[in-house]
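Colleague: Could you take a close look at a single part of this model for me, and set it in the context of the whole chain before you go into detail?

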Amino acid sequence: MKVIMGADPLGYDLKEAVKAHLVKQGIEVEDITSTNDVDYFSVGEALGKRIATGEFTRGFIFCGTGMGVNIVVNKYQGVYSALCESIETARLSRVINNANVLAMGGIVMTPYMANQMADVFLNTPFSEGFSEADPKFLKDAYKDVQTTEAKITAFNTKH
C-alpha cells in the first residue's frame with residue numbers, strides 16, 4: 001500500500017510520528033512536506049490535487065487542529081477528508097463515508113492515538129461493520145454524495 005501525507009508546521013511532529021509508524025509496517029509513504037514552514041492551505045491544495053487525480057487512494061493531512069487542512073483538501077472533487085479525534089470516528093469515517101483522507105491536529109492529538117487512528121483508517125472497509133445502516137444504503141448514499149458533488153462543481157464553475 002502507498003499513501004500520501006503532508007503537514008504544516010503545527011502538524012509536522014505528529015505527521016513524522018504517523019509516518020514512522022506506517023513505514024515500520026511496510027507501508028510506502030510519500031511525504032509532500034518539503035519543509036517545516038509551509039502554510040496549511042498550501043499543504044491542503046497539494047495533497048488534494050494528488051488524491052483528486054487518483055494518483056493516491058488514501059492520504060493523511062496534519063495542521064494544528066486539523067481543521068484548516070481539512071477544509072482546503074475537501075475543496076477537491078473526489079476528496080473526502082474526515083477530521084477525526086478518536087479511533088471510533090476514524091473507523092466510522094471509512095465505514096459510513098468512505099473517507100479517503102484522514103485529517104488530524106498536531107496540537108490536539110497524541111502520537112499514540114494518531115497511530116491507532118491511522119491503522120484503523122487504513123484497515124477498515126467501506127460499508128461494513130455499521131449495524132445502524134444497511135451496506136447497500138451506505139453505497140447508494142455515497143453515490144448520491146458524488147452526484148451532489150458534481151452538481152456543486154458545475155455550479156461553482158458557472159459562478
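Modeller: The model is a predicted one, and I will begin with its surface: the accessible area of the chain comes to about 8300 Å², and carbon and sulfur atoms account for 56% of that area. Of the 159 residues, 42% count as buried. The chain holds six helices and five strands, which follow one another along the sequence in the pattern β-α-β-α-β-α-β-α-β-α-α. With a radius of gyration of 15 Å, close to the 15 Å that the globule rule gives for 159 residues, the chain is therefore as compact as a globular protein of that length. Taken along the principal axes, the box filled by the C-alpha atoms is roughly 40 × 40 × 25 Å. Among contacts with a separation of 6 or more, 70% are made by residues 24 or more positions apart. As for charge, the chain carries 15 positive and 19 negative charges, whose mean positions lie 6 Å apart.

The part I would single out is the helix that ends the pattern, α6, which covers residues 135-158. This helix has 24 residues and spans 35 Å from its first C-alpha to its last, close to the 34 Å expected at 1.5 Å a residue. Leu138, Tyr142 and Glu149 are buried in α6. An α-helix has 3.6 residues a turn, so residues three or four places apart point the same way. The buried residues of α6 pack against α4, which is made of residues 87-95.

Seen from the other side of that contact, α4 has Ala90, Ser93, Arg94 and Val95 as its buried residues. These buried residues of α4 pack not just against α6 but also against the strands β4 (81-83) and β5 (101-105) and the helix α5 (111-123).

To follow the strands further, consider isoleucine 61, which is placed in strand β3, residues 59-63. Isoleucine 61 is buried, its relative accessible area being 0%. Leaving aside residues up to four places away in sequence, isoleucine 61 touches Gly6, Val43, Gly44, Leu47, Val69, Val73, Ser81, Val101, Leu102, Ala103 and Met104. Ser81 falls within the range given for β4, and Val101, Leu102, Ala103 and Met104 within that given for β5. By contrast, methionine 117, 56 residues from isoleucine 61 along the chain, has its C-alpha atom 13 Å from that of isoleucine 61.

Note on methods:
Residues are numbered from 1 along each chain as its sequence is written. This is a predicted model: local features need pLDDT of at least 70, side-chain atom pairs count only at pLDDT 80 or more; totals for chains, interfaces and linings use all residues. Side-chain values use heavy atoms; hydrogens and water are left out. Helices (H or I, at least four residues) and strands (E, at least two) are DSSP runs, numbered from the N terminus. The radius of gyration is taken over C-alpha atoms; the globule rule is 2.2 Å times the number of residues to the power 0.38. Buried means under 20% relative accessible area, exposed over 50%, partly exposed in between (1.4 Å probe, protein chains only). Contact means heavy atoms within 4.5 Å. Accessible areas come from the Shrake-Rupley method with a 1.4 Å probe; for residues, only the protein chains shown count as cover. Lys and Arg count as positive and Asp and Glu as negative; His and the chain ends are not counted. The place of a charge is taken as NZ of Lys, CZ of Arg, CG of Asp or CD of Glu. The expected span of a helix is 1.5 Å times one less than its number of residues.
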